[in-house]
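Please find below my notes on the model, arranged as numbered points that may be read alongside the sequence and the coordinates.

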Amino acid sequence: MSKNETSDEKATDETASDEQATAKKTPAKKTAAKKTPGKQSADQTEYEFKAEVQRVLSLVINSLYINSEVFLRELISNASDALDKARFLGLADQDNVIEQEGEPGIAITLDSENSTLTIEDNGVGMTRDETISELGTIAHSGTGEFVDKFAKLTDAKDKDKALELIGQFGVGFYAAFMVATRVDVDTLSMKKGSEPVLWRSSGAGSFNVMPGERNKPGTRVVLHLKEEAKEFGDRWRVEAVIKKYSDFVMFPIRIDDDVVNESSALWRTARSEVTDEQHKEFFKHITQGRVGDEPLATVHYAVDAPVQFSALLYVPEKAAPDLFIPQKEREGLRLYAKRVLIMESCDTLLPIYLRFVRGVVDSEDLTLNVSRETLQENRTVKQIEQQLTKQLLKELGRIADEDAERYETIWKQFGLVLKEGVSVDWKNKDIIAGLCRFESLKGKAEELTSLHQYVEAKAEDQEEIWYINGPSRQHVERSPHLEVFRDKDIDVLLLTDPIDEWVVQGLAEFEGAKLKSVVHGQLDLGDQEERDEADEKKLAGAVAAITAALGDKVGEVRLSNRLTETASCLVSKEGDPGANLERIMKIMDDRAAEKARILEINPTHPLVKNFATLIDEDKNSPRIQLYSEMLFDQALLSEGVVEDPAKLVKRIQDLLVEATSKASEG
């Protein structure tokens with residue numbers, strides 16, 4: 001049994017050489033074990049751990065606040081590695097190794113009477129030198145760094161970080177001392193001519209090496225459980241830990257002769273051999289039924305290059321409650337290394353806009369020495385993320401093309417999240433944009449259309465994809481900005497999700513058509529009504545008078561080409577935030593600045609025509625200020641905004657008094 005996969009063959013050779021050097025009384029490397037003077041016999045030799053190793057052991061042994069169940073994951077993983085190595089040596093070096101006896105497997109024996117837990121494998125085993133180098137030293141060069149980091153974790157809330165450090169710094173075997181007062185390792189190497197060896201330590205600064213009792217290759221680890229760790233002598237507790245961490249280790253794990261793990265990882269089974277029912281059951285297993293009974297989409301994927309990994313991903317039936325909570329608190333994918341669970345919830349395997357996906361990823365190119373921090377910069381993980389993202393988007397696209405009804409269900413559950421990808425994933429933004437769905441002016445309520453469908457349906461001479469943002473369909477449908485589009489039978493996308501503001505910012509065009517807001521900039525759809533010179537002069541005077549009356553309330557006043565029924569509306573300059581985005585920003589921060597917008601007046605509306613005549617006849621009329629403010633208020637009201645209700649009521653009352661006075665005079 002190897003201590004941990006971080007102690008690779010190179011490290012083993014080096015530490016073995018250290019031991020030989022120590023035996024010759026030459027200085028040892030700083031993490032190597034050394035013989036204790038005066039404590040040797042013909043059959044037994046005691047070795048001291050180096051000072052740094054003793055510090056690591058002290059920290060691990062005495063840190064009872066961490067989740068001690070991790071020891072079992074580490075020891076099972078080591079046993080699995082030993083079985084893998086035995087299989088390899090049996091094929092590659094048959095002449096120099098003893099044939100493996102029996103079916104490869106891991107056996108766990110519980111003895112509640114004597115408070116022991118035994119883990120045994122029939123794997124590669126270890127020679128005396130290998131036992132000293134593997135179990136007597138810490139091969140990782142960053143032992144000091146481990147000590148420093150671990151020492152900073154002082155309470156239970158740091159539990160997860162502590163568990164990550166145990167794996168990260170290659171001290172997984174020593175996790176056994178969190179639950180054991182003494183650990184015995186009885187081992188026999190597959191190499192011909194090897195003798196059985198017994199390694200024993202209480203983790204108190206030294207270990208003993210003596211002749212062992214095994215008569216067949218493999219390793220048996222006996223843990224003498226602490227009083228406070230006797231729960232690990234109960235079958236239900238041990239089986240629960242195995243189900244949690246090691247359920248899919250490829251070798252059978254037996255407790256008192258009963259196999260307790262799945263052994264066959266579904267994600268490593270050929271895709272063609274997995275049934276829909278198996279997918280359904282596995283989906284329920286990893287989600288505990290919290291996001292539905294069966295997946296809406298499945299991606300079963302395996303690749304050997306540039307990295308080797310298998311993945312089984314599911315789009316759930318319904319959204320999880322944690323979809324919009326802070327990232328560190330959300331559930332992610334399960335991450336395995338060689339079928340051993342190393343992270344229950346890994347949020348770095350998929351981009352943030354695919355956070356609704358559930359499933360597992362298992363890589364041959366990752367080891368147990370991985371932490372959340374190192375995953376951020378891990379090249380293997382980045383390559384896995386790229387591959388998974390590509391496959392998921394491809395599958396979603398296939399469903400959208402072949403099963404519109406199912407895709408609409410997916411979209412209604414997760415569309416809000418998927419839209420985020422347009423603004424955060426520049427490499428895939430066009431693909432994501434193609435997956436987006438929106439309501440439109442011509443469509444019925446809740447009837448969805450894609451950008452591709454919009455482009456296909458528009459007139460040949462229309463170069464734009466027109467859209468309007470707002471808080472709801474009901475709100476935007478009443479917008480005066482849509483009047484000319486209705487008259488000309490031009491469809492407009494109705495973007496009513498807050499995230500849509502960022503979608504259109506991240507997407508300048510789609511399939512050659514530019515995305516353009518109906519509430520921004522100048523609008524020229526052609527066929528504008530011609531006016532005679534006198535009308536033009538009156539309207540120009542009206543524009544000037546209104547501009548003077550409103551002052552800095554507006555950035556500009558101009559004649560409108562978009563209004564056919566309403567007297568006025570407000571328009572944003574190109575590049576400026578629209579009214580809807582300003583509203584969202586105000587919700588996020590009430591100090592957010594607002595930019596003065598453009599007031600457009602409808603030159604064909606009777607109110608505007610009459611007002612223009614009034615101004616032309618009496619440029620000093622006191623009613624100019626009142627009428628100008630009413631045009632501005634009307635534009636705000638059409639957006640559902642009333643800046644000063646009291647003043648608005650006063651102006652309406654003044655107008656009504658004026659109108660009723662004229663009527664009574666008549």
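**Notes on the predicted model**

1. Helix α4, which spans residues 128–135, is largely enclosed by the rest of the structure, because six of its eight residues are buried. The buried positions are E130, T131, I132, S133, E134 and L135. I would keep in mind throughout that this is a predicted model.

2. Strand β3, residues 106–111, shows an alternation of its side chains: those of I106, I108 and L110 are directed to one face and are buried, whereas those of A107, T109 and D111 are directed to the other face and are not buried.

3. On one side of the pairing pattern, β3 runs antiparallel to strand β4, residues 116–121, and the two are joined by six bridges. Within this pairing, A107 has E120 of β4 as its bridge partner. The hairpin formed by β3 and β4 has four residues between the strands, and in it S115 adopts a positive phi near 55 degrees.

4. β3 also pairs with strand β9, residues 253–255, here in the parallel sense and over three bridges. In this pairing I108 stands opposite I255 of β9, and I108 is also among the β3 residues whose side chains are buried.

5. Which residues of α3 and α7 make the contact between these two helices? The axes of helix α3, residues 70–92, and helix α7, residues 235–245, come within 9 Å and cross at roughly 65 degrees, and the two helices are therefore roughly perpendicular to each other, an angle of 65 to 115 degrees being counted as such. The crossing of α3 and α7 is right-handed. The contact is made by L72, R73 and I76 on the α3 side, and by V238, V241, I242 and Y245 on the α7 side.

6. Helix α18, residues 533–550, consists of 18 residues, and the distance from its first C-alpha to its last is 26 Å, close to the 26 Å expected at 1.5 Å a residue. Just after α18, G551 takes a positive phi of about 55 degrees.

7. The buried residues of α18 are L539, A542, V543, A545, I546, A549 and L550. As general background, an α-helix has 3.6 residues a turn, so residues three or four places apart point the same way. The elements that cover the buried residues of α18 include the strands β21 (554–559) and β23 (597–601), together with the helices α20 (606–617) and α21 (623–638).

Key
Residues are numbered from 1 along each chain as its sequence is written. This is a predicted model: local features need pLDDT of at least 70, side-chain atom pairs count only at pLDDT 80 or more; totals for chains, interfaces and linings use all residues. Side-chain values use heavy atoms; hydrogens and water are left out. Buried means under 20% relative accessible area, exposed over 50%, partly exposed in between (1.4 Å probe, protein chains only). Two strands pair if DSSP finds at least two bridges between them. The expected span of a helix is 1.5 Å times one less than its number of residues. Contact means heavy atoms within 4.5 Å. Axes are lines fitted to C-alpha atoms, for helices over the stretch in contact, and angles run from 0 to 180 degrees between N-to-C directions. Angles under 35 degrees count as roughly parallel, over 145 as roughly antiparallel, 65 to 115 as roughly perpendicular and the rest as oblique. A crossing is left-handed if the near helix is turned anticlockwise from the far one by less than a right angle, and right-handed if clockwise.
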